[in-house]
Amino acid sequence: MDRAPGLSVRLKLTLSYAGFLMVAGALLLTAVWVFLLRYVPDRAMLINPDDKPTSGVFPVRSALLDVFAPRALAVLAFLLLFGLLGGWLLAGRMLAPLTRITDATCMATNGSLSHRIRLPGRRDEFRELADAFDTMLAQLEAHVAEQQRFAANASHELRTPLAISKALLDVARTDPNHDTGELVDRLHAVNTRAIDLTEALLLLSRANQRSFTREHVDLSLIAEEATETLLPVAEKHGVTIETSGDVAPTIGSQALLLQLTMNLVHNAIVHNLPEQGTVWVNTGVRPKTVVLTVENTGENMSPRLVSTLAEPFQRGTERIHIDHAGVGLGLAIVKTITQAHDGTLTLTPRSAGGIRITVELPATAPHTDR
């Protein structure tokens, strides 16, 4: 933003200090005049009843004023110089931390997010500002790194189906006798994967921007709808779904929370035991939050692997894959939707195998339509 040049803060503080000293000095000299000099008589009348010689100094108001006024002006001039010099030094010392913060801001503006102010000393307003700025820089650096990593992964994931499609078309062009039906089927599968990935990216972007309408929803009803929708998929893979829980009222997007639950239940079905697997879906209420828990059977997983599953394009290679690997954004979408609803996502491995995923959202009073 272009602004007209103005006085620096240091100069403004210097003038303020000097002005304060001048006002304080003027008030002090005025108090001397009001409460002392005005009681001195303007003329002196000496009465000597004993006809004895009188000696000494007998000041009158005019004589004192002649002496007092130049001295008062000299004192005010000294206070002005002292205020300007002392104010300039004090202002420079007080604003030194602000200079470091400004330098760090300029470095961040130029793209350097790794710099930190780390202002020493006891806590005050400047140090609180510096600490908040350091925290912001750390979060911003992590966010930028995550976005760069996400963009690189998304580009790689999108490039893969396009490269496969190009290879298939090249084969068809060089070999006219190739089975057209098989080519069409493979192209259809590749294009379906590209479409799924694109839709997942759009959903992820929408949740990140929080561009959705909030309304009263019940997680228990959403869980029932998701499990009923995915019941054919569970039957296809020989997985049993058990749903239980209490009414769990919260505020959010019905569509996004349904997508969140669908992703969790679908992942629990697909990444399960080859036979006789089980998925448990439960909702509950805590003092200030509502909870959706989805857990399944499966192989034992390490806590380190589980902690990375919610990152974009991360797939648990140690899990049993009964179906396609997906686009690698299922749990990333769950994490983003949860954060967009001011909630928390927790992933923990089950001791008996499988994983337990808990989504905790702010609770609200049950909504009743009137």
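This is a short walk through one protein chain, from its overall make-up to a sheet, its helices and two loop residues.

First, a caution: the model is predicted.

Let me start with the whole chain. We have 370 residues, and 34% of them are buried. The secondary structure comes to 8 helices and 7 strands. The exposed surface is about 23500 Å², with 59% of that supplied by carbon and sulfur atoms. Now the contacts. Take those between residues at least 6 apart in sequence: 71% of them join residues at least 24 apart.

On to the sheet. It is open, it has 5 strands, and the pairing is mixed. Read across, the order is β2-β4-β5-β7-β6. Which strands stand at the edges? They are β2, residues 239-245, and β6, residues 344-349. Each has a single partner strand, so one side of each is left without a neighbour in the sheet. On average, neighbouring strands are turned by 15° against each other, ignoring direction.

Look at the β2 edge. Here β2 pairs with β4, residues 277-285, in the parallel sense, over 7 bridges. One bridge to find on screen: Thr-243 has Val-281 in β4 as its partner.

Next, the helices against this sheet. Helix α5, residues 219-236, packs on it. Its contacts are with β2, β4, β5 (289-296) and β7 (355-362). The direction of α5 makes about 170° with that of β2. Then go to the β6 edge. Helix α8, residues 330-340, lies across β6 and β7. It runs at about 140° to β6.

Now α6, residues 254-270. Is this helix enclosed or exposed? Of its 17 residues, 12 are buried, so α6 is largely enclosed by the rest of the structure. The buried set includes Leu-256, Leu-257 and Leu-258. Polar residues are on that list too, among them Asn-263 and Asn-267. What about its length? At 1.5 Å a residue, α6 should span 24 Å. Its end C-alpha atoms are 24 Å apart, which agrees.

Last, the backbone. Most residues other than glycine have a negative phi. Two residues here have positive values. Arg-118 has a phi near 50°. It is found in the loop between α2 (61-109) and α3 (125-174). At 62% relative accessibility, it counts as exposed. Gln-276 has a phi near 55°. Its place is in the loop between α6 and β4. Gln-276 is exposed as well, with a relative accessible area of 68%.

That is the tour.

Notes:
Residues are numbered from 1 along each chain as its sequence is written. This is a predicted model: local features need pLDDT of at least 70, side-chain atom pairs count only at pLDDT 80 or more; totals for chains, interfaces and linings use all residues. Side-chain values use heavy atoms; hydrogens and water are left out. Helices (H or I, at least four residues) and strands (E, at least two) are DSSP runs, numbered from the N terminus. Buried means under 20% relative accessible area, exposed over 50%, partly exposed in between (1.4 Å probe, protein chains only). Contact means heavy atoms within 4.5 Å. Accessible areas come from the Shrake-Rupley method with a 1.4 Å probe; for residues, only the protein chains shown count as cover. Two strands pair if DSSP finds at least two bridges between them. Axes are lines fitted to C-alpha atoms, for helices over the stretch in contact, and angles run from 0 to 180 degrees between N-to-C directions. The expected span of a helix is 1.5 Å times one less than its number of residues.
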